[in-house]
Amino acid sequence: MTTGVGGAGGPGAAPPRTLWEATRKQNEPMTEKLTRPPTADPDAGPPAQADPRRPGEAIFRGLATGAGITILVILALVASFLLVQGSPALFADPAKLASQGYGEFASWVLPYAFGTVWAALLALLLAVPVAIGIALFISHYAPRRLAQPLGYVIDLLAAVPSVVFGLWGSLVLAPAVRPLYEALNAHLGFIPLFAGQVSGTGRTILTAAIVLATMILPIITSLCREVFLQAPRLHEEAALALGATRWEMIKMAVLPFARPGIIAAIMLGLGRALGETMAVTMVLSGSRNITFELLTSQNPNTIAATIAQNFPEAFGLKTNQLIAAGLVLFVITLAVNSIARWIVARRAEYSGAN
Amino acid sequence: MSKRIETTDLNVYYGNFRAVEDVTITIEPRSVTAFIGPSGCGKSTFLRTLNRMHEVIPGAYVEGEVLLDGENLYGPGVDPVRVRRQVGMVFQRPNPFPTMSIKENVLAGIRLNNRRMPKADQDDLVERSLRGANLWEEVKNRLDLPGSGLSGGQQQRLCIARAIAMEPQVLLMDEPCSALDPISTLAIEDLMSELKEQYTIVIVTHNMQQAARVSDVTAFFNIAGTGSPGKLIEVGPTDKIFSAPDVQATEDYISGRFG
Amino acid sequence: MATIVHAAETLTAGRLPRATVPVSLVGSVLLGYALAILFTGGANIGLAVALAYLLFLLVMEIATRVVEGPRQASDRRATNLVVGAFVLALLPLGSLVWEVLSKGIPRFDVPFFSQSMRNVVGAGGGAIHAVWGTVYVTGMATLISVPIGLLTAIYLAEYGVRNRLSKAITFFVDVMTGVPSIVAGLFAYALMGLLLGPGSRSGFAGSIALSVLMIPVVVRSSEELLKLVPNELREAAYALGVPKWLTIVKVVLPTAVSGLVSGVILAIARVIGETAPLLIAAGFTASMNNNLFENPMMTLPVFVYDSYAHPGTDVQAYWDRAWAGALTLILIVMILNLAGRLIARRFAPKTR
């Protein structure tokens, strides 16, 4: 198509002596060969790939790939071990389960599954309005300067170990809320939720739910705060310019934008509440029953707490049965988390905002 | 220490998209060759094929030959890493390594490749390279300070020093002055005319005055429209391209009618 | 549609006097307190605060609606609710910090950090065995998680960009993040049961359980950081003829090192307080155990739980130790969090 044209210095022209040339030292051969000696295998992959003749590259790439595959293997192991160790309980003769285990599996685990979901839902009900409120406070109400330190304070809640929450919930919160429960029962006892004989210790499912709510609060808050801050500034200013009050602006410009993010945050909080063990183990004096009454001493226990309370002393089929319960818990949380991720992914597709 | 580059019918692809079509050009040693053309015409893409930096982008590949003194860079068994040691590159934005001092930046090519060198030779190489990049006098008293503390123009010359410390055959410069102020630009341009005594220099530039000032040969790239591949329209001595180009499109571009 | 009448509009509108908020706040508090005594017959602070807040909302709603109009009223209601939510969240935090400090300090003493619970019944004794157990178990978990997590992050950020394996890994790392901690404990228990015979509990099993929880955290934070390293630096290294792996080891990792270290510290802080998996995998003991691979090993969170759940005859002595353990644990977690954040901020290299 076109041809080259000679430049200023031809290939044979003698180089002028410059400072550079004068000080230059030959410390390696000028014409390093581009090609390395060929190996036995001529089709060793395209040259853009890791060069098999550069051992460091191959080893390092192999290590990195191996680590990634290890993660897949670990997860496969988790699933298969739970299946293998749990299956004796799933397929054993009910009579044998009744004598050596905790009884027939499905009817045994159902109340615990109910307790798990019930406690987590109650916690969500308590935590979500507060979490959204805090997130709005930090993103749109608090003075700029205060916003970040306040965010840290809420993050501190997330850093408190669950066993400490458990200790606080059972030794501090439960006695403190008991009079409140009695008042609720006395004045609102006609509502089924508050009916029944009030627990003497205050260690009811409502107390456990309050502790759980406190624990998932920072998770929901931090995710909501992030989406609130991502709300398009231009829309917010447009709303204010139309004469909207701050709350009207939030309703018009922030909440509609943030809705999928809020839902995802709620689902992730739910996932966390479902799997939380120690707070419930320590706060709740649970048993195996299905009831919606919040204030009595008859409370449905959760799967995680049941495992924690019984596993140290369990043996034989009982161990298998508890592991199978763990499998049920795994499936429930996996489903909840998958829905959350699906919502997030769907949002990422059409928002285009990074 | 300076080699000729020849390409014949070179095509560059990003996945299924052909970004550059059928480029045939010879770039002579010890000269400055400038690539000019409107944005998106493939001149930077083509430049990056000359040291196989192009294929760093996933899905990108090249069809055709690039000969460096007769040796095909894309031949079987050619190691792109070795190609890059012979064909150095300076980028649009100065990119000194932020974790390294000025001295370590100059020695980066040696150190990062785990090569050993006696300390005296290292000091010698640092001074030689920094002098070669006209930076020595400005930084000789602070060689151990971070390279990111320099001004933009100094950082760019540091990157040039880093490239020539590898003693390459060819130096590719991808719009080396576009992020710099006029004074720094002048310093780099002066440096180029010194460096061409030693190297084959290829520069991509948006600035036609710069091409006219520094280059011996100018190559004009253009595209028919977005989505179609970039093509080499015309190449020739800079004087000729800027005064009496053969192709109408070149003249239109030079005279500022588009681009 | 009639034309809009502008005549009556002015820029000033009815506004509540500034004193309204403090006055109605004080009034609501007093009234709420009185009502609480009326309801429960005793002075219940929680009820009093709740009632006072509801009263305050009501008073402000009426006052604003009358003086400033319904739009302002709903705005003020939202503000009050949002601020109320924030204060409400501070209550448990404040109470928790206060209780842990006041109840933990009495036994936060020298014997607590120099003695184990061996042969201790009732008062005295300490948690040194649990402190060391936590160090061993968490240290081992870190040794397992950091190489796997970091290398995986390197694969995701540098090698497997958008290929099928990296998509699968990203997906399953997400799944792993959601594994309930007790399930991780069950897995470690089952794995060790297979390797060492059923029923075996050891510190190492605890480390495995913690690793399952820690790896996804390390992968996530490291991948984010590696992606933050500007591509220009990688290209600069490639252009110098540096192979990819050396570019990663010598340019990318050093550039991101402070963030990586901080991410690892925060990951440690996240798992060091885990109780349930250790309860199951590592078990509990009253004595010092320096062998990670044999016999149960006590850890600080399990110590707190065990002291709370299985008190001997002298309940108070056990609960005092539980609070002291909780205080220790919170301090460790806080220090780790603080250190992580400081390192991230202080040593971040300036990439422009």
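In this predicted model, chain C contains 12 helices and 0 strands, and when its elements are read along the sequence they follow the pattern α-α-α-α-α-α-α-α-α-α-α-α. The overall dimensions of chain C can be set beside this helical make-up: its C-alpha atoms fill a box of roughly 80 × 70 × 35 Å along the principal axes, and its radius of gyration is 28 Å, whereas a compact globule of 352 residues would have a value near 20 Å. Of the 352 residues in chain C, 50% are buried, and among the contacts in chain C with a separation of 6 or more, residues 24 or more positions apart account for 72%.

Chain B brings in a sheet. Here 10 strands form an open sheet with mixed pairing, and the strands are arranged in the order β5-β4-β1-β2-β10-β9-β3-β8-β7-β6. The edge strands of this sheet in chain B are β5 (71–72) and β6 (87–90), each of which pairs on one side only. In general, strands of a sheet pair through backbone hydrogen bonds, in either a parallel or an antiparallel manner.

One pairing within chain B can be followed in detail. Strand β1, residues 5–14 of chain B, runs antiparallel to strand β4, residues 60–68 of chain B, and 8 bridges join the two; within chain B, Ile5 (B:Ile5) stands opposite B:Leu68 in β4(B).

Towards the β6 edge of the sheet, a helix can be added to the picture, for helix α7 of chain B, residues 152–164, lies across β6 and β7 (170–174) of chain B and runs at about 170 degrees to β6(B).

Key:
Residues numbered from 1 in each chain as written. Chains lettered and ligands numbered in written order. Predicted model: local features only at pLDDT ≥ 70, side-chain atom pairs only at ≥ 80, totals over all residues. Helix = DSSP H or I, 4+ residues; strand = E, 2+ residues; numbered from the N terminus. Rg over C-alpha atoms; globule rule 2.2 N^0.38 Å. Buried ≥ 20, exposed ≤ 12 C-beta atoms within 10 Å, placed from the backbone. Contact = placed C-beta atoms within 7 Å. Pairing = 2+ DSSP bridges. Axes fitted to C-alpha atoms, helices over the stretch in contact; angles between N-to-C directions.
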